[in-house]
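Dear colleague,

I am passing on the structure we spoke about, and I would be glad if you could look at it alongside the notes that follow.

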Amino acid sequence: MTTMAIIGAGPGLGLTVARRFGREGFSIALISRHQGRLDELAATLEGEGITARGFTANVRDQESLQGALEAAAEQLGPIEILQYSPLPAKEFMRPVLETVADDLRGPVEFSIYGAVTAARQVVPGMRALKRGTLLFVNGGSAVRPGPAVTGTSVAFAGESAYAQLLHDAVKEQNIHVGQLIIPFGIDDGTDEHSAASVAERLWTMHAERGDFRVYAEPLP
Ligand SMILES: NC(=O)c1ccc[n+]([C@@H]2O[C@H](COP(=O)([O-])OP(=O)(O)OC[C@H]3O[C@@H](n4cnc5c(N)ncnc54)[C@H](OP(=O)(O)O)[C@@H]3O)[C@@H](O)[C@H]2O)c1
């Protein structure tokens, strides 16, 4: 069996996506910074009959991210699907006139270096498998910069460009790269915005492929 790695796996979208893809038979590698929380998520999934294990990494630390992905592939099987969806830190979201160059270091490490590190770690294995999917998940500021969320707006733009270039570079090798833009708050009380509906959208992106960029709903 092959594995889906979820980078930025928490109790919200991460867990819901793990359930959706786990139901299809993929083993799930949950990756974020705290082993205790990951163990709880993995136990929940195991209790539902899904093979899951947690691997700690900080996406801002390239070695830890490479190590987690390597361990996941060794212990669970080759990574066929990668989702890059860590939740950005609040400190990345400052108004434009209050943002200095150093404020961009964190968002750039988080959204660009981390995404590039993860992709480079898994693409060779996907080439060997002769199939694969990489899913990048972002808020609306990835396509429309927001004046109050400068760090994520700038860094998401870089992540988006990289993901689109990667899409074009690997599509002939049966590897699909997609970006899901979520312009709303997940689980804000409406069915259309539930984590389950977003997870379903991500499943469709994997199963049916289609365009690089998908909007969970049109930008307001
Ligand atoms: N929540 C929303 O309303 C919303 C809206 C639009 C888009 N999104 C997108 O949806 C995705 C997240 O979904 P969610 O909010 O439901 O989150 P989630 O899957 O419940 O959790 C995301 C996890 O990211 C991990 N994380 C944060 N910083 C990290 C780092 N430096 N290294 C490794 N892991 C890190 C956190 O775990 P640790 O703290 O344990 O590391 C957190 O539990 C993101 O791509 C986000 O841009 C969310």
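To begin with the ligand, one of its oxygen atoms lies 2.7 Å from a backbone N or O atom of Leu13, and please keep in mind throughout that this is a predicted model. A polar backbone atom of Gly14 is likewise found 2.8 Å from an oxygen atom of the ligand, while for Arg37 the contact comes from the side chain, an N or O atom of which is 3.2 Å from a ligand oxygen. Taken on its own, the ligand has 890 Å² of accessible area, of which the protein covers 85%.

As to its surroundings, the ligand sits in the largest pocket, and the elements that contribute two or more residues to the shell around it are α1 (13-22) and β5 (132-139). In total 24 residues surround the ligand, the closest being Gly12, Leu13, Gly14, Arg33 and His34. Sorted by class, this shell consists of 12 nonpolar, 10 polar and 2 charged residues.

The helix α1 deserves a separate word, since 9 of its 10 residues are buried and it is therefore largely enclosed by the rest of the structure. Leu13 and Gly14, whose backbone atoms were described above as lying 2.7 Å and 2.8 Å from ligand oxygen atoms, are both among these buried residues. The others are Leu15, Thr16, Val17, Ala18, Arg20, Phe21 and Gly22.

With best regards

Notes
Residues numbered from 1 in each chain as written. Predicted model: local features only at pLDDT ≥ 70, side-chain atom pairs only at ≥ 80, totals over all residues. Heavy atoms only, no water. Near = heavy atom within 4 Å. Polar contact = N/O pair within 3.5 Å; in protein donor to acceptor, adjacent residues only side chain to side chain. Areas by Shrake-Rupley, 256 points an atom, 1.4 Å probe, with all protein chains shown as cover. 1 Å grid on protein atoms, 1.4 Å probe; cavity = no way out; pocket = protein on both sides within 12 Å on 5 of 7 lines; lining within 4 Å. Sits in = over half its atoms within 2 Å of the grid points. Helix = DSSP H or I, 4+ residues; strand = E, 2+ residues; numbered from the N terminus. Nonpolar A, V, L, I, M, F, W, Y, C, P; charged D, E, K, R; others polar. Buried < 20%, exposed > 50% of the residue type's maximum accessible area, 1.4 Å probe, protein only.
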